[in-house]
Amino acid sequence: MPVQTITRKTETAKPKLAVYKFSSCDGCQLSLLNLEDELLDIVGAVEIAYFLEARRAEQPPPYDIGMVEGSISTPEEAERIRQVRRDCKYLVTIGACATSGGIQALRNWADVDQYKQYVYAHPQYVASLETATPIATHVFVDFELRGCPVNARQLLELITSLLKGRKPNIPNYSLCIECKRRGLPCVMVSKGEPCLGPITQAGCGALCPGCHRACYGCFGPMEQPNMDSLGHQLTGTQKRTAREMKHMLRMFNGYLEPFKQASDHYERQEKQNA
Amino acid sequence: MSVPDGKRWFLPKESLDALIAVLHQQQYVVIGPVFHDRAIRLEQVQRADQLARGVRDEHSGGQYRLIDGNQELLFEYVVGPDSAKKFFFPPRQELFSLHVKGEQFVIDKVGPAAPKLAILGLRPCDLAAIAVQDRVFGYHQPAGDEAPWASGFRCESELYYTQAREQSLLIAVNCVRPGGTCFCASWGNGPQVNKDMPYDLAMTEMRKGFVIRSKSRKGAAIISSLSLRDADDAEVELEGLLLQRAAEHMGRQLQTDDLPQLLDRAIDSPHWDNVAKRCLSCGNCTMVCPTCFCSTVSDSDDLATGSTTRTREWESCYTHQFSYTTSGPVRSSIRARYRHWLRHKLDTWHDQFGVSGCVGCGRCITWCPVGIDLTAEVESIRRYDSRDENHAPPRITVEARP
Amino acid sequence: MITPAARPEPHCGHDTWYPLAARITNVVQENFNTRTITLEMVDQAQRNDYQWRPGQFNMLYVPSVGEAAISISSDSDKPQVLEHTIRTVGSVTRAIEHMPVGSVVGLRGPFGEGWPIEAIEGKDVVMMCGGIGLAPLRPMVYWLLNHREMCRRVVLLYGCRTPEDRLYADELEQWHEDPRIDVLVTVDNATSQWVGPVGVVTNLLRRIKVSARETVVMVCGPRILNRVGAWSFLQLHVPPEQVYVSLERNMNCGFGRCGHCQYGPKFVCRDGPVFRYSDIHDIFAKEEV
């Protein structure tokens, strides 16, 4: 992905950072705020021009870096994202919601009106779209940060690399590589856990395998994931059902290809079996 | 200086603590196999009772389980996912930090100093792997072995690796119970140590203790400070029997004599497509492989101090970015990446370093999440190859490979 | 604090990751995305000690951006003057593009084996290159002109997209006039001023006479030119031992340690980037090796 050199400016004009929220839980914005040790350094290097979760004061656009959290779930949001794109030179989506539609994209496989009637006493007041979709479905996105939530280190690396004009050191390879660098024994091999690590993008620092748990793919698909082979192993050797497979893949990144295609495949298989 | 290979001593089980104490006296950080995270791992130990005891491992393609074993025995398992690689060639290593001041690069921080390690419980295949990495990282080029790279850009030996190896003390344990994916015997790398392997002490476990031999001056000094008795004839004979039996019970086999030629021919083998369907390209095999040495150096910045750190991390030839050039990755398909890895291990490693890159430890088979089996893949390639020889037209080459 | 200036002279055992500081003393814009920068080591002793051969490359380092492998394109008989011709394609080259004269970059090298100076004695030398591929061959041209008695004929065949894309345009004109070397330049797309040949660079082979047994060939260009170029000489019955190709790979360490640039049994950084065709013929035609 090309990185624009956004900051070849004089000392006085620090690049302006804007952070936006769409349909989301705020967790990714919190990841930014959780960078306690580095937050002051970031504030020293960029000007936080628009970040409602952190400060009330806001400066008018344009902004140099825009970070977008959340998916597009309402007609209002679909409008607003276009303005955000116009306001930001460099647009980054942060987190699973913004890059894949997030957990709320599960409704894309269901009837939203029916849901509304179950949940709300007066569903007619709820204005929402039929689908929850990633930002990149609506506008051009310069860079995507995966994860539910995003990894704070990756967030810092992205900001730093934009400031320094280097290619962000944000890998697309499998989680396994990070996991093995930490020296963790493979949970799939040593415990027979259904781990999505071999098809999931690295970046979290192998959090779940570090707690003896299988990866559930919150960073979404890696480069060239071999869904067939892992699926074959999980349904064959590990004897997972098609239903289990579908549920594993339809989590935070279920609406992102090729997780979507694979989960649809297991849904069809589930129906055939029934 | 090596010591004659014949001499054996006997180290009672109770004296393991004394051995570790001697190592501590000599300022070694002692590493040994421990039971941790449902696997046998190599970690720092203070006392002998921290070593894994009474566990056996079961290995098969993509499966590793620990089960209860004989409580009297410490080394009933073979190799876990860890190897000595992570100590001499750390998974993540800061090389240096610098900042620019005027026209100078000012070094803020140099890389970490090499540790002084005594690694206990290495297997013969691990030693063979260390010998392979010694060549890769330029430690003790054997005299007369005029390496092609020595004449090019001033032969570079890796400072950290060389120092860490120089200071290290390697205590091997011969294997009396090979694992299900072991095939070291096919390479002549086990189940017992041989004179070409870089070890200081080597032990064979019995019920009451270890028959122990020394190869180096460092090892001999430790033996004498422990004031061990000589092993008696019965113990030496039993050691021989145990090791012979182990050699006959390898979980896997590989015909190794013709591999470079086979894989040279097999560059267009249809079998690569079959493997590519199964290979996840996840990199697990390269990470657990004790000889794989690929790495990437990248920059990171400290915004507060303005200092830039260059960090080297293990990398895998299975990643898409690994062969990235401005015109795209050279090996963009999983097929090509698996082919590259296998041919490198078994074929082109010989051209580069004069040895095979595979030592027969079986880690890549055990720790592949989908159980791709190197020995089986080679056999399939061999089958295709023999068919090709009968039916395919002769290969057209400009000239024979020199 | 240790500065790289204080580090020991390169010899077996030192830590090769430290970059030497080099300052940019001159910048020439070659075409819309390519510039030639002149470097000199900041440290006088390092400057005097630095020796290299045509075809070798350096790893240029921009702190906090990264390193890129760039071949040296100046005259190896004046080893203190280090020119690098750089096309902007990635983040490191873009960072260098933005650097004015007087800036400091890091430098490690020289790496690689370079062009086969030993092999050309008493032979004809034909160099074929395309686009940025002229940069690694330029030191070879200088060397041949400096030691003209070494070989018989010297021919340079160069192809690029348009006349404006030519590297070292003034020098090409000079060499064109020089009786010691034959220079033929072809372009893919001609402008109204262009009176030279149009078409791919291998077409130029029709315009020269190659005495097959007595010719050493050097090819440097994009992957497709390397292939087609090398093969077209083989078709003219130039022995494969006398055809040399310069390859491009992703490089990280420069000395055969990191694995990135592997090409079959070769490390392009250490054993190459220049290879004799007969040494790589079995993998040269293969994809994704």
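This is a short tour of two interfaces, first chain B with chain A and then chain C with chain B. Keep in mind as you click along that the model is predicted.

**Stop 1: chain B against chain A**

Begin by showing chains A and B and selecting the residues in contact. Your selection should hold 46 residues from chain B and 33 residues from chain A. Together the two chains bury about 3,200 Å², with 55% of that area on carbon and sulfur atoms. Now pick out B:D37, B:L280 and B:L303: in chain B these lose the most area to chain A, and together they make up 19% of what that side buries.

**Stop 2: charges and polar pairs between B and A**

Next, show side chains as sticks. Two salt bridges cross the interface of chain B and chain A. To see a salt bridge for yourself, select A:R166 and B:D301, where the closest N and O atoms are 2.4 Å apart. If you turn on polar contacts, the count between chain B and chain A is 18 residue pairs, both residues at pLDDT 80 or more.

Switch to the cartoon and colour chain B by element. Several elements each supply at least two residues of the side that touches chain A, among them the strands β3 (39-44) and β5 (63-68) and the helices α9 (271-278) and α11 (334-353). Which element gives the most to this side of chain B? Select β13(B), which contributes five residues. Colouring by residue type splits the side of chain B that touches chain A into 19 nonpolar, 14 polar and 13 charged residues.

**Stop 3: chain C against chain B**

Hide chain A and bring in chain C. Here the contact takes 63 residues from chain C and 59 residues from chain B. These two chains bury about 5,400 Å² between them, 55% of it on carbon and sulfur atoms. Select C:W17, C:R257 and C:E288 next; they supply 15% of the area that chain C buries against chain B, more than any other three residues.

**Stop 4: charges and polar pairs between C and B**

Four salt bridges span the interface of chain C and chain B. Zoom in on B:E103 and C:R23, whose side chains meet in a salt bridge at 2.6 Å, N to O. Polar contacts between chain C and chain B come to 22 residue pairs, both at pLDDT 80 or more.

Finish with the cartoon of chain C. Elements that each give at least two residues to the side touching chain B include β1 (20-31), β6 (104-111) and α7 (277-284). By residue type, that side of chain C divides into 29 nonpolar, 18 polar and 16 charged residues.

Conventions. Residues numbered from 1 in each chain as written. Chains lettered and ligands numbered in written order. Predicted model: local features only at pLDDT ≥ 70, side-chain atom pairs only at ≥ 80, totals over all residues. Heavy atoms only, no water. Contact = heavy atoms within 4.5 Å. Buried area = accessible area lost by both parts, 1.4 Å probe. Polar contact = N/O pair within 3.5 Å; in protein donor to acceptor, adjacent residues only side chain to side chain. Helix = DSSP H or I, 4+ residues; strand = E, 2+ residues; numbered from the N terminus. Nonpolar A, V, L, I, M, F, W, Y, C, P; charged D, E, K, R; others polar.
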